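Reader: I am new to this structure and would like a close look at a single part of it, namely the places where side chains meet in pairs and groups. Please take me through them slowly and in a connected way.

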Amino acid sequence: MLKKILFFIAIISVLQTQAQKKRKYSNEFLNLGMGAAGMGMANSRVAGTEDLYGMYYNPAGMAHIKDAFQLGYMHSEYFAGIAKMDYVGLAVPIESGKRSLGLTFYRFGIDDIPNTLFLFDADGTPNYDNISSFSVGEYAVFLSYAQQLKAKGLSVGGNVKIIHKKVGPFATAWGFGLDAGLQYRKNGWRFGFMARDITSTYNAWSFSFTQEEADVLQATGNLVPENSLELTMPMFITGFAYRASIKDKFFIEPELNVWINTDGRRNVLFRTDPMSFDATLGLELNYLNIVYVRTGIGNFQWIPKDNDPTKDKLTLQPNIGVGLNIKGFHIDYTYTNLGKGTNQGVFYSHVISAHFGLQNFKKKNKKNEEEQIEQPLSN
């Protein structure tokens, strides 16, 4: 109960800041990661992604899908189960697998939040019967396209994304944005580039308070928010990966991603202004494309030292995960700690995702078989 009341207070604080036109950490729910496989590698998947999760990490990777179609689902819970994220995605190759179309739906939300605006009666005594509840939800729909270019190993892709946010009966927002990605592959090496919110993504907020609710906010020293426009600034991600086999049974894939934020100084690895630079590192091991083990580090944060608050120390978030592939059905699990580095307690998260790829039973020619060897060996 106390945790949810604190969330309600935080939400009211967020509503007060909506008048800003450019906000740092806008649409941050889209930066948490997608799919337990990628999250196990600390989201280091810009260069290596090649399945339907490419709609999130790099749409250019969808151009390498070999299945007739792929369907995926993920459910994850954050901050001791207070917040939940759900994802469902569909990717369909067209034109002999050289092009792919995709559709993704996300929801990140907190439910059953107590509305304590009318907790106190006119005489100042608390009346718990006056407490109602509401939900806060952030939604996104991605329409994705990818294709391989004439230059061997080169593919491009993009997302058109629609954002919707709803804060109980108090506020709603609609937004629109574009992403663009590129991948290049040669001799086991993988290079990826992803430009998120390349045109800047906007959220147009509309607020709806009754006169009674507005009076309570003003009486308690809070501002009544007004309709506004919120902008999400571009983010650029570059990735490098290498895939190698060990006696044709064991396969290894390390990947390094460099993240560039353009919304000013962030508390990340390199805290510079107007751009901040961060990094993530992931590693995947697999046996015969059946059993996978993954690990990664990321979420670098600077926090005050315990023995000297005037100085900072660098913390990071470790991730570990496993996966299993049985005849095209992939199930992945990752154990992570999104609260690492916040110095606000420990919030462990369990992330489970699954996706199914229906095999394309058309006879493959020798060229396609050779390409299959060069393709990434995990999803």
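Author: A salt bridge, as the term is used here, is a side-chain nitrogen of Lys or Arg that lies within 4 Å of a carboxyl oxygen of Asp or Glu. The model you are looking at is a predicted one, and a search through the whole of it turns up 14 salt bridges. A good place to begin is the bridge in which the side chains of Lys 161 and Asp 179 come together, with 3.1 Å from N to O. This pair links distant parts of the chain, since Lys 161 belongs to strand S5 (residues 154-167) and Asp 179 to strand S6 (residues 171-186), with their positions 18 residues apart in sequence. Although both carry charged side chains, Lys 161 is buried, and Asp 179 is buried as well.

Strand S5 takes part in a further bridge, for the side chains of Lys 165 and Glu 230 also meet, at 3.6 Å from N to O. Lys 165 is in strand S5 whereas Glu 230 is in strand S9 (residues 228-232), and the pair therefore ties together parts of the chain that are 65 residues apart in sequence. With a relative accessible area of 6%, Lys 165 counts as buried, and the value for Glu 230, which is buried too, is 0%.

Further along the chain, the side chains of Glu 284 and Arg 294 form a salt bridge of 2.7 Å, N to O. Here the parts that are linked are strand S13 (residues 276-287), which holds Glu 284, and strand S14 (residues 291-304), which holds Arg 294, and the two residues are 10 places apart. Glu 284 and Arg 294 are both buried. Besides these pairs there is a group of three residues, Glu 28, Asp 263 and Arg 266, that are linked in a network of salt bridges.

From the charged pairs we can turn to the rings, for which the search of the whole structure gives 13 aromatic pairs. In one of them, Tyr 56 and Tyr 57 have ring centres 4.7 Å apart and ring planes at 90°, and because planes over 60 degrees apart are counted in this way, the pair is edge-to-face. Tyr 56 and Tyr 57 are both buried. The rings of Tyr 106 and Phe 142 are also edge-to-face, with their centres 5.1 Å apart and their planes at 70°. Since Tyr 106 lies in strand S3 (residues 99-115) and Phe 142 in strand S4 (residues 132-148), this pair ties together parts that are 36 residues apart in sequence. The relative accessible area is 1% for Tyr 106, which is buried, and 2% for Phe 142, which is likewise buried.

These four residues belong together in a wider group, because Tyr 53, Tyr 56, Tyr 57, Tyr 87, Tyr 106 and Phe 142 form one aromatic cluster. A charged residue joins the picture at Tyr 56, where Arg 196 lies over the face of the ring, at 4.7 Å from the ring centre.

The cluster leads on to the nonpolar interior. In soluble globular proteins, nonpolar side chains tend to be buried together. The largest nonpolar core in this model has 41 residues, and the members that touch the most others are Met 34, Tyr 87 and Tyr 106. Strand S4 supplies the largest share of this core, five residues. If neighbours within four places in sequence are left aside, the residues in contact with Tyr 106 include Leu 30, Met 34, Tyr 56, Tyr 87 and Phe 142, and among them are also the acidic residues Asp 86 and Glu 138. Apart from the largest core there lies another, of five residues, among them Val 46, Met 235, Ile 237 and Trp 259.

A last stop, away from the rings, is Lys 98, which sits in the loop between strand S2 (83-94) and S3. Once neighbours within four places in sequence are set aside, Lys 98 is in contact with Ala 63, Ala 146, Gln 147 and Gln 148. The C-alpha atom of Lys 98 is separated by 9.1 Å from that of Ser 155, a residue 57 places away along the chain.

Key: Residues numbered from 1 in each chain as written. Predicted model: local features only at pLDDT ≥ 70, side-chain atom pairs only at ≥ 80, totals over all residues. Heavy atoms only, no water. Phe/Tyr/Trp six-rings, centres within 6.5 Å; stacked < 30°, edge-to-face > 60°. Buried < 20%, exposed > 50% of the residue type's maximum accessible area, 1.4 Å probe, protein only. Helix = DSSP H or I, 4+ residues; strand = E, 2+ residues; numbered from the N terminus. Lys NZ or Arg CZ within 6 Å of the ring centre and 35° of its normal. Contact = heavy atoms within 4.5 Å. Core = buried A, V, L, I, M, F, W, Y, C linked by side-chain atoms within 4.5 Å.
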